[in-house]
Amino acid sequence: MEPIQIVLGVAILVVAVLIVLLVILQQSQRTGLNSTIGGGNETFLSKNKSRSAEAKLARFTKILIVVFFILVVLSGLFDARAKL
């Protein structure tokens, strides 16, 4: 196993864990029974803050997914090259 394959494997693992954590941190887009019963007592400013934070989380998650895909493809290419 080449050192580049080890580095790519570790990078894939780190990015995968980060993706899982970011997905867990994101709030659900569905409104549940709790919000219906509890009412929506959020102010306009707090809604905008949460939207921007949620948007940043979603954007960062998408970026990490693209990075993950690129790392997996590179790992596959290096693995195929090593078998030749």
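Helices here are DSSP runs of H or I with at least four residues, numbered from the N terminus. The views below all come from a predicted model.

**View 1. The whole chain, for orientation.**
The protein chain holds three helices and zero strands, so read from the N terminus the order of elements is simply α-α-α. Of its 84 residues, 11% count as buried. The accessible surface comes to about 7000 Å², and carbon and sulfur atoms own 70% of that. Take the contacts between residues at least 6 apart in sequence: 100% of them join residues at least 24 apart.

**View 2. Helix 1 from end to end.**
Helix 1 runs over 3-25 and has 23 residues. From its first C-alpha to its last, helix 1 reaches 33 Å, close to the 33 Å you would expect at 1.5 Å a residue. Which residues of helix 1 are buried? They are Q5, L8, I12, V15, I19 and L22.

**View 3. The largest nonpolar core.**
Seven residues make up the largest nonpolar core: L8, I12, V15, I19, L22, L64 and L71. Two elements give two or more residues to this core, namely helix 1 (3-25) and helix 3 (44-83). Helix 1 gives the most, with five residues. As background, nonpolar side chains in soluble globular proteins tend to be buried together.

**View 4. Zooming in on I12.**
This view picks out one member of the core. I12 is buried in helix 1 and belongs to the largest nonpolar core. Setting aside neighbours within four places in sequence, what does I12 contact? The partners are F68, L71, V72 and S75. One of these, L71, is listed in the largest core along with I12.

**View 5. Q5, a buried residue of helix 1.**
Q5 sits in helix 1 and counts as buried because its relative accessibility is 10%, with the cut-off for buried set at under 20%. The side chain of Q5 reaches the backbone nitrogen of E2 at 3.1 Å. Leaving out neighbours within four places in sequence, Q5 is also in contact with F78, D79 and A82. For scale, the C-alpha atoms of Q5 and L77 are separated by 9.9 Å, though the two residues are 72 apart along the chain.

**View 6. T61, a buried residue of helix 3.**
T61 is found in helix 3. Is T61 buried or exposed? At 6% relative accessibility, T61 counts as buried. With residues up to four places away in sequence not counted, T61 touches L22, V23 and Q26. L22 is itself buried in helix 1 and is one of the residues of the largest nonpolar core.

**View 7. Two leucines of helix 3, L74 and L77.**
L74 is found in helix 3, and L77 lies in helix 3 as well. L74 is partly exposed, with 34% relative accessibility. L77 is exposed, with a relative accessible area of 54%, which puts it past the cut-off of over 50%. The C-alpha atoms of L74 and L8 are 7.9 Å apart, with their positions 66 residues apart along the chain. L8, for its part, is buried in helix 1.

**View 8. The salt bridge between E2 and R81.**
How many salt bridges does a search of the whole structure find? It finds two. One of them pairs E2 with R81, with the closest N and O atoms 3.7 Å apart. E2 lies in the segment before helix 1 and R81 in helix 3, so this pair ties together parts that are 79 residues apart in sequence. E2 is partly exposed at 28% relative accessibility, and R81 is partly exposed at 48%. E2 also appears in View 5, where its backbone nitrogen is reached by the side chain of Q5.

**View 9. The salt bridge between D79 and K83.**
The side chains of D79 and K83 meet in a salt bridge at 3.7 Å, N to O. D79 and K83 are four residues apart in helix 3, so about one helical turn separates them. D79 is partly exposed, with a relative accessible area of 34%, whereas K83 is exposed at 67%. D79 turned up earlier too, as one of the contacts of Q5.

Terms used
Residues numbered from 1 in each chain as written. Predicted model: local features only at pLDDT ≥ 70, side-chain atom pairs only at ≥ 80, totals over all residues. Heavy atoms only, no water. Core = buried A, V, L, I, M, F, W, Y, C linked by side-chain atoms within 4.5 Å. Buried < 20%, exposed > 50% of the residue type's maximum accessible area, 1.4 Å probe, protein only. Contact = heavy atoms within 4.5 Å. Areas by Shrake-Rupley, 256 points an atom, 1.4 Å probe, with all protein chains shown as cover. Salt bridge = Lys/Arg side-chain N within 4 Å of Asp/Glu carboxyl O. Expected span 1.5 Å × (residues − 1). Polar contact = N/O pair within 3.5 Å; in protein donor to acceptor, adjacent residues only side chain to side chain.
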